[in-house]
Amino acid sequence: MSCGKAPGTDAIPAEIYKEGGPTVIQRLTQLFQVIWNDAQLPQQFKDAAI
């Protein structure tokens, strides 16, 4: 992920993921575990701007 680039549709810049540390890792892990356990991908993850 390149720093200083425009964020995606979620408006979260790459720097947040790179510099977020353990807190961001923990939150993302929790999110992905919920998605895995529910076996359903949120619509927001399916949307794309082309």
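The expected span of a helix is 1.5 Å times one less than its number of residues. Keep that rule at hand for the first of these views, which are drawn from a predicted model.

**View 1. Helix α2 from end to end.** Here is the rule put to use: α2 has 18 residues, and its first and last C-alpha atoms lie 26 Å apart. That reach is close to the expected 26 Å. The helix runs over residues 21-38. As you follow its side chains, bear in mind that an α-helix has 3.6 residues a turn, so residues three or four places apart point the same way.

**View 2. The whole chain in outline.** Stepping back for a moment, the protein has three helices and zero strands, which read as α-α-α along the sequence. Its C-alpha atoms fill a box of roughly 35 × 30 × 15 Å along the principal axes. The radius of gyration is 13 Å, whereas a compact globule of 50 residues would come near 10 Å.

**View 3. The surface and what it covers.** How much of the protein counts as buried? The share is 6% of the 50 residues. The accessible surface comes to about 4,500 Å², and carbon and sulfur atoms account for 58% of that area.

**View 4. The largest pocket and its walls.** Rolling a probe the size of a water molecule over the atoms shows where empty space is left. In this model, the largest pocket has a volume of about 280 Å³. Its lining is made up of T9, D10, I12, Y17, L28, L31, F32, Q44, F45 and D47. Sorted by class, that lining holds six nonpolar, two polar and two charged residues.

**View 5. Which helix gives the most to the pocket lining?** That is α2, with three residues. Both α2 and α3 (43-46) supply at least two residues each to the lining of the largest pocket.

**View 6. A39, just past the end of α2.** Most residues other than glycine have a negative phi, and most peptide bonds are trans. A39 is worth a friendly second look: its phi is near 55°, a positive value in a residue other than glycine. The residue comes just after α2 and lies in the loop between α2 and α3. Is A39 buried or exposed? A39 has a relative accessible area of 68%, and exposed means over 50%, so A39 is exposed.

How values were computed: Residues are numbered from 1 along each chain as its sequence is written. This is a predicted model: local features need pLDDT of at least 70, side-chain atom pairs count only at pLDDT 80 or more; totals for chains, interfaces and linings use all residues. Side-chain values use heavy atoms; hydrogens and water are left out. On a 1 Å grid over the protein atoms alone, a cavity is a set of points where a 1.4 Å probe fits but cannot get out, and a pocket is an open set with protein on both sides within 12 Å along at least five of seven lines; lining residues have an atom within 4 Å of a point. Grid points are joined across faces, edges and corners, and a volume is the space filled by probe spheres set on the points. Helices (H or I, at least four residues) and strands (E, at least two) are DSSP runs, numbered from the N terminus. Ala, Val, Leu, Ile, Met, Phe, Trp, Tyr, Cys and Pro count as nonpolar, Asp, Glu, Lys and Arg as charged, and the others, Gly among them, as polar. The radius of gyration is taken over C-alpha atoms; the globule rule is 2.2 Å times the number of residues to the power 0.38. Buried means under 20% relative accessible area, exposed over 50%, partly exposed in between (1.4 Å probe, protein chains only). Accessible areas come from the Shrake-Rupley method with a 1.4 Å probe; for residues, only the protein chains shown count as cover.
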